Amino acid sequence: MWKVWAVSFDSENVTKYLNESFERALSLLDAESRQRINRFYHKEDAFRLIARLLPRVLLEELNIPYPSATFQITDAGKPYVTLESHQPLGFNLTHDNGLIAMVYSTGEDLFLDAPAYRLGVDVMRLRLPHRQSLPEFIEIFSEQLTPLEQRMLQPSPQVEDSEVIRRFYLIWTLKEAYTKALGLGLGFDFRRVEYDVIRDIVRIDGQVPHGWEFVRFQLDVAEGSSAHQYVGVACRFVGDKVHKGGECIVETRTVGEWLQVFDAAEFVSRAIQELPSTVS
């Protein structure tokens with residue numbers, strides 16, 4: 001089983017809510033996390049708090065006692081959890097602007113690179129930086145794009161700029177999700193990962209990868225009086241365990257059982273109601 005949880009973040013509402021409930025929410029975290037998030041001043045602090053609550057709420061959802069879980073990070077900085085006397089559990093987190101996402105997987109599908117496992121997710125808001133043309137924006141990333149990807153991102157009368165921007169962020173989030181799944185730090189050559197976003201074909205070093213599953217998704221997120229679109233990609237390595245012959249799967253999914261979206265203030269409220277405090 002694997003799923004994605006996304007938390008939509010309206011900074012004004014969350015700031016107001018957390019100003020009233022921050023200390024109670026902080027008490028739900030382990031001592032190290034509490035030390036890292038001492039006081040609430042900035043939007044990034046709210047992201048950090050919610051990102052640390054997500055796996056904690058997940059444990060509660062899966063009926064796994066929190067004391068049986070040990071959270072750590074790999075040498076490359078990838079977080080993971082080890083559990084006492086429970087099935088394997090892998091997760092990965094990401095955020096951009098008004099959205100936080102977590103992919104998780106449990107059970108026998110997880111078997112490679114324990115305990116962090118090959119599982120990754122990335123999300124990004126569809127936007128063009130202020131005072132920058134689309135060709136200028138794409139050019140910045142050209143050294144990390146394959147020739148095929150660059151051709152698919154060329155503006156033309158037949159392809160609207162909004163579609164080019166969507167294609168770019170799908171390509172980029174897939175590259176990010178894949179490298180996060182591998183648990184790699186900085187320095188990985190993104191040109192080794194190619195995503196034919198039109199035909200939904202992924203290639204690694206020129207070959208379709210065996211045993212990988214990629215799911216792309218799109219979300220509309222309200223931020224104050226505005227609404228923004230986000231795209232994301234979640235991926236995992238399952239070998240021959242899920243798809244016959246280890247076929248590489250690339251598909252699109254929408255909000256539903258696999259992709260669940262929560263409002264940030266409501267999510268923190270749920271955590272306060274459901275989770276016991278770790279402060280004695």
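This report describes the overall make-up of a predicted model and some of its local features.

## Overall make-up

The chain contains 7 helices and 12 strands. It has 280 residues, and 51% of them count as buried. Among contacts with a separation of 6 or more, 68% are between residues 24 or more positions apart.

The exposed area of the chain is about 13700 Å². Carbon and sulfur atoms make up 46% of that area.

## Strand β1

Strand β1 covers residues 2-8, and 7 of its 7 residues are buried, so the strand is largely enclosed by the rest of the structure. The burial applies to both faces: W2, V4, A6 and S8 point one way, K3, W5 and V7 point the other way, and all are buried.

β1 has two pairing partners described here. With strand β5 (residues 99-106) the pairing is antiparallel and runs over 7 bridges. With strand β12 (residues 259-263) the strands run parallel and are joined by 5 bridges. Residue A6 takes part in both pairings: A6 stands opposite A101 in β5, and the bridge partner of A6 in β12 is V261.

## Helix α6 and T173

Helix α6 spans residues 161-182 and includes T173. For its 22 residues, a rise of 1.5 Å a residue gives an expected span of 32 Å, and the end C-alpha atoms are 32 Å apart, which agrees. Just after α6 comes G183, with a positive phi of about 75 degrees.

T173 has a relative accessible area of 0%; because the cut-off for buried is under 20%, T173 is buried. Apart from neighbours within four places in sequence, T173 is in contact with two runs of residues. One is D122, V123 and M124, and the other is V231, G232 and V233.

## Positive phi in two loops

Two residues other than glycine are described here for their positive phi values. N97, with phi near 50 degrees, is one of them. N97 lies in the loop between β4 (89-96) and β5, where β5 is the strand that pairs with β1 in the antiparallel sense. The relative accessibility of N97 is 25%, so N97 counts as partly exposed.

D200 is another residue other than glycine with a positive phi, in this case near 55 degrees. D200 is located in the loop between β7 (193-196) and β8 (201-204). With a relative accessibility of 25%, D200 also counts as partly exposed.

Note on methods
Residues numbered from 1 in each chain as written. Predicted model: local features only at pLDDT ≥ 70, side-chain atom pairs only at ≥ 80, totals over all residues. Heavy atoms only, no water. Helix = DSSP H or I, 4+ residues; strand = E, 2+ residues; numbered from the N terminus. Buried < 20%, exposed > 50% of the residue type's maximum accessible area, 1.4 Å probe, protein only. Contact = heavy atoms within 4.5 Å. Areas by Shrake-Rupley, 256 points an atom, 1.4 Å probe, with all protein chains shown as cover. Pairing = 2+ DSSP bridges. Expected span 1.5 Å × (residues − 1).
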